[in-house]
Amino acid sequence: MTVIIRPYGDTAVLVEFTSDDGATPSAMALHRALRSEDPQGIVSTTPSYDSILVTFDNAKTSYSIVHATLVALLERAHPESTASERLWSIPACFDPSFALDCEPLQRELTMSWDSLVETFCRSEYRVSVIGFLPGFPYLKGLADTLRCRRMKTPRTCVPASSVAIAGDQAGIYPLDSPGGWRILGRVPIPLFNPERQMPALLAPNDRVSFLPIALAEFNELGRQWDHGDLDIKAWIS
Amino acid sequence: MRLRFVTSGLRTTTQDAGRPEYTHIGVPIGGALDKAAMRYANSLVGNALQTPVLELTMTGPRLICESAGKVALAGAQFAARVNNQLVDSRQAIALAAGDELSFESPTTGYRGYLAVEGAWKVKTWLGSASALRIGSHELLASAVWQAKDVLETRSGGVIPWPAIVLSPTPSTTMIRAYRGPEYDRLEPAAIAQLIERPLSVVAPSNRIGLRTNTALSLTPSTHAKEMVSSGVQPGTVQVTHDGQAIILLADAQTIGGYPRVLQCANRSIDDLAQLRVGDQFSLKLLDYPSN
């Protein structure tokens, strides 16, 4: 693995990883190390697929100090230290009333809806990055047979909690938002809840699989969630 | 001190230093766009410098003072009136109960910052009192001020030996910037179009970003291969697929897939808050210090 550390303006450092296996674990390991060591003057850390952006307060530290800190942390932050991953089994409803792209996807992928949903739910996904919207998980692990194009003209409003695919990724919309991904179904709870202390349901490196449920069960889970009776910890193993 | 909103103004929000600790879950940094003005205004009323302020946008609110105290204004030059009499708004303004405070739209600049003496009794979310709008969602709705709302502070926010902050000297005509991570994706002709040339701010521009009247060409390899999304920050100059340079501001998303060709110098980022649609400015390229 190669690491490049360079300035990105006068109050930020960009660390880029080159490796053969999609390097998010390295970015996450460095993110966690920065969080736990909390070096003086670090303002924000933003991990992405193969990079991490670190901003700093130049009244409290400097580029050369941050650079030296990052080098020291990189030597200690092993990708294995990201092993705190959770495995989620998230119920999702693929009823045509939620699957806004039910028809076009069957045509583009030349697949029946049942086998499309079955293929989608057979894969295990991994959260590579949270971004685009607060709490939006980019999920790696989509089956090759489900690769599809984005919409030419994005929808002006994709409903919150929609499960979507585009290119070789899957995702779940945390909020009502414009978006061009293909919509397959919906999960019964919000992915982003400002009232929670940690508002994003998923975190980078979490593993996720989808458990198909019928509309009646979806409605029941939604009701339980609204009444505060749903224990989503049971979805983690 | 208590202030009641008679009118809200165009968009008057609570802002502070924002939420830099939550970029890893996709929450924008947010906070006051002109943080130098926020600190300066707070220093004038003796508040801790990161105390929330009201961010005024073009048209300020009309406020009735219900319990006495000091306020101070910084950023764009909104002329202030107390009971309809112009007052010197370069220093703290003492208000008595019953006084009405109003503002004239600034002739230059776009956003004003009103500090209010004391510790603010406002809701916070993720450690910040800042309003944040994502699409049509207000994630902290109480930070967007409406007519009839009441802003209340209690004594105790004022610190015994307040920092002295020198009045910021904004320069909105010359924005200084460093090379960004994908600077080399600009064709030489695009560099000539972008650097030290008059650029205009065009609509839609908002707290997410400033769009410019540019059509820049990027290197052929950029079009062949989509960039892998990577972190962006306020002051990042991105170039979209159709060649438009967009300067990101505090409410921008946390990662992006467009080439980050420049990064504005930290001290220039505050100045960007004062640019409005139609304003002209130019970008000056700075070299990184060699080390």
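Colleague: Which strands of chain A does helix α2 lie across, and at about what angle does the helix run to β2(A)?
Modeller: Keep in mind that we're looking at a predicted model. Helix α2 covers residues 63-76 of chain A. Helix α2 lies across β1, β2 and β4 of chain A, and its angle to β2(A) is about 30°.

Colleague: What is the order of the strands in the open sheet of chain A?
Modeller: Start at the edges: β1 (2-7) and β3 (42-47) of chain A each pair on one side only. The pairing in this four-stranded sheet is antiparallel, and neighbouring strands are turned by 15° against each other on average, direction ignored. Reading across chain A, the order is β1-β2-β4-β3.

Colleague: Which residue is the bridge partner of A:Ala12 in β4(A)?
Modeller: Look at strand β2 (residues 12-18) and strand β4 (residues 51-56) of chain A, which run antiparallel. Five bridges join this pair. In β4(A), the partner of A:Ala12 is A:Thr55.

Colleague: How far apart do the C-alpha centres of domain 1 and domain 2 of chain A lie?
Modeller: The domain assignment splits chain A into domain 1 (2-82) and domain 2 (87-235). Take the C-alpha centre of each one, and the distance comes out at 30 Å.

Colleague: Over in chain B, which are the edge strands of the open sheet of five strands?
Modeller: The order there is β2-β3-β10-β5-β8 (chain B), with antiparallel pairing. On average, neighbours in this sheet are turned by 35° against each other, direction ignored. An edge strand here pairs on one side only, and that picks out β2 (13-15) and β8 (93-95) of chain B.

Colleague: Which residue of β3(B) stands opposite B:Thr13?
Modeller: β2(B) and strand β3 (residues 53-57) of chain B run antiparallel, and three bridges join them. Opposite B:Thr13 in β3(B) you'll find B:Glu55.

Colleague: Which helix packs on that sheet of chain B?
Modeller: Follow the contacts: the helix touches β2, β3, β5 (69-75) and β10 (111-116) of chain B. Its direction makes about 155° with that of β5(B). That's helix α1 (residues 35-45) of chain B.

Colleague: How many charged residues are on the side of chain B that touches chain A?
Modeller: First, the contact itself: 32 residues of chain B meet 36 residues of chain A. β18 (230-231) and β22 (260-264) of chain B each supply at least two residues of chain B's side. By class, that side has 14 nonpolar and 17 polar residues, and the number of charged ones is one.

Key
Residues are numbered from 1 along each chain as its sequence is written. Chains are lettered from A and ligands numbered from 1 in the order in which they are written. This is a predicted model: local features need pLDDT of at least 70, side-chain atom pairs count only at pLDDT 80 or more; totals for chains, interfaces and linings use all residues. Two strands pair if DSSP finds at least two bridges between them. Axes are lines fitted to C-alpha atoms, for helices over the stretch in contact, and angles run from 0 to 180 degrees between N-to-C directions. Two residues are in contact if their C-beta atoms, placed from the backbone, lie within 7 Å. Ala, Val, Leu, Ile, Met, Phe, Trp, Tyr, Cys and Pro count as nonpolar, Asp, Glu, Lys and Arg as charged, and the others, Gly among them, as polar. Domain bounds come from an automatic or database domain assignment.
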